[in-house]
Amino acid sequence: MKIKSSAPCRISLMGGGTDIYPYAKAHGGMCLSMAINIRQEIVLDTASSIKGLKYPDGANADFYKAFFNQFDLWPVKMNAIFDGEITGGIGSSAAAAVALVGAIAKAQNIKYDLDEIAQIAWNIEVNKLDLFGGKQDQWAAAHGGVNLFKFGGKFNGGVETIPLSFSFIEPVLPYLMLFHTGKNRKNSKIQEGFKELTEDKIQYLDALKGLVPEAIKAIHKGDIDMFAKLFNLSWEYKKMSNDGVSNEAIELLVSKAKKSGAMALRLTGAGGGGYAIMVVPMEIQNRFKKEMENIGMKWVDFSIDFQGLSVRQI
């Protein structure tokens, strides 16, 4: 049986970090998130006599083997394709994990719903591979679209998914530009700073969570200035909530982007490098893109991915 499976990466617009346990379990987390059309693709061939793994630069065989071992499906032939940057902060490992679980379930004729697939993917990443992190990425990869996620409750996997329409995000979408900083995150353990919560960390995570409903109000009103203000605040709170989120080189890039006209920006995901999402006035975007590329940033064309996990036999 030959199976093709793919799942999208994501951009966390507001509240990232509050999906991480133990904070989410004790205090409840909340994220405004959107899946994007940078996808992880898995082609699984269970009938092939040739066994082995092909995967993108920056990934490693142990990641994929953990999923096949979990389902007693090793050795096997698999080809993984990704057109983004690994460790870039857009949830690439979670997208791969969700695509893998989806493909393996199809191969073994196991019926899972999207929440179950997301939960299994998260469990293998966190408890088998020791990739400590929250649940936003797996749920965004499974469901796709724009969502308000609430974490820490008695929902499926402790996550409540509230889908939002394209018309909701439409006012702010033309202002959003995605760039790769040219510096991939070197430390994959940044989020482990949330394993032990101090009073200060709880305070900053509370503040990050509190920005989510305010951002939703600003988007509903089409108030881009207010959204940009909240976006900047989220970056400041993110830096204060955990060490390693930023550094001197990143702050220099932030400063240059602001001088070139960005209303707001921050790194995606845990920080430390990778992708940056920016709020930029539409009338200056062509010039802005050139100026950012001149300082080593790479503009990334993206759109919202409403498909989520896709699995089919080929």
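Here are a few exercises on the inside of this structure, which is a predicted model.

**Exercise 1: The cores**

Find the residues that touch the most other members of the largest nonpolar core, and the helix that supplies the largest share of this core.

*Solution.* Start with the core itself: the largest one has 80 residues. Within this core, the residues touching the most other members are Met34, Phe68, Leu176 and Phe227. Next, look at where the members come from. Helix H3, residues 92–107, gives the largest share, with 9 residues. Don't stop there, though: a separate second core has 18 residues, including Ala262, Leu267, Met278 and Met292.

**Exercise 2: The surroundings of Phe227**

Pick out what Phe227 is in contact with, leaving aside its neighbours within four places in sequence.

*Solution.* Click on Phe227 and skip those sequence neighbours. What's left is this set of contacts: Met14, Val172, Leu176, Ala215, Ala218, Ile219 and Val279. Leu176 has turned up before, since Leu176 and Phe227 are both among the residues that touch the most other members of the largest core.

**Exercise 3: The cavity**

Work out how much space the largest cavity holds and what sort of residues line this cavity.

*Solution.* First, search the whole structure: 1 cavity of 30 Å³ or more is found. The space in the largest cavity is about 30 Å³. Now list the lining: Thr181, Ile250, Leu253, Val254, Leu265, Leu267, Ala276 and Met297. Two elements each give two or more residues to this lining, helix H9 (248–259) and strand S8 (264–267). H9 gives the most, with 3 residues. Finally, sort by class: 7 lining residues are nonpolar, 1 is polar and none is charged. One of the lining residues, Leu267, is also a member of the second core.

**Exercise 4: Ring pairs**

Decide how the rings of Phe149 and Phe151 are arranged, then do likewise for Phe179 and Phe288.

*Solution.* The structure has 9 aromatic pairs in total. For Phe149 and Phe151, the centres are 6.1 Å apart and the planes are at 45 degrees. An angle over 60 degrees would be edge-to-face and one under 30 stacked, so this pair is tilted. Phe149 is buried at 0% relative accessible area, and Phe151 is buried too, at 3%.

For Phe179 and Phe288, the centres are 5.8 Å apart, and the planes are at 70 degrees, so the pair is edge-to-face. Phe179 sits in strand S7 (residues 176–180) and Phe288 in helix H10 (residues 285–294), so to speak two distant parts of the chain, 109 residues apart. Phe179 is buried at 0% relative accessibility, and Phe288 is buried at 0% as well.

Notes
Residues numbered from 1 in each chain as written. Predicted model: local features only at pLDDT ≥ 70, side-chain atom pairs only at ≥ 80, totals over all residues. Heavy atoms only, no water. Core = buried A, V, L, I, M, F, W, Y, C linked by side-chain atoms within 4.5 Å. Buried < 20%, exposed > 50% of the residue type's maximum accessible area, 1.4 Å probe, protein only. Helix = DSSP H or I, 4+ residues; strand = E, 2+ residues; numbered from the N terminus. Contact = heavy atoms within 4.5 Å. 1 Å grid on protein atoms, 1.4 Å probe; cavity = no way out; pocket = protein on both sides within 12 Å on 5 of 7 lines; lining within 4 Å. Points joined across faces, edges and corners; volume = space filled by probe spheres on them. Nonpolar A, V, L, I, M, F, W, Y, C, P; charged D, E, K, R; others polar. Phe/Tyr/Trp six-rings, centres within 6.5 Å; stacked < 30°, edge-to-face > 60°.
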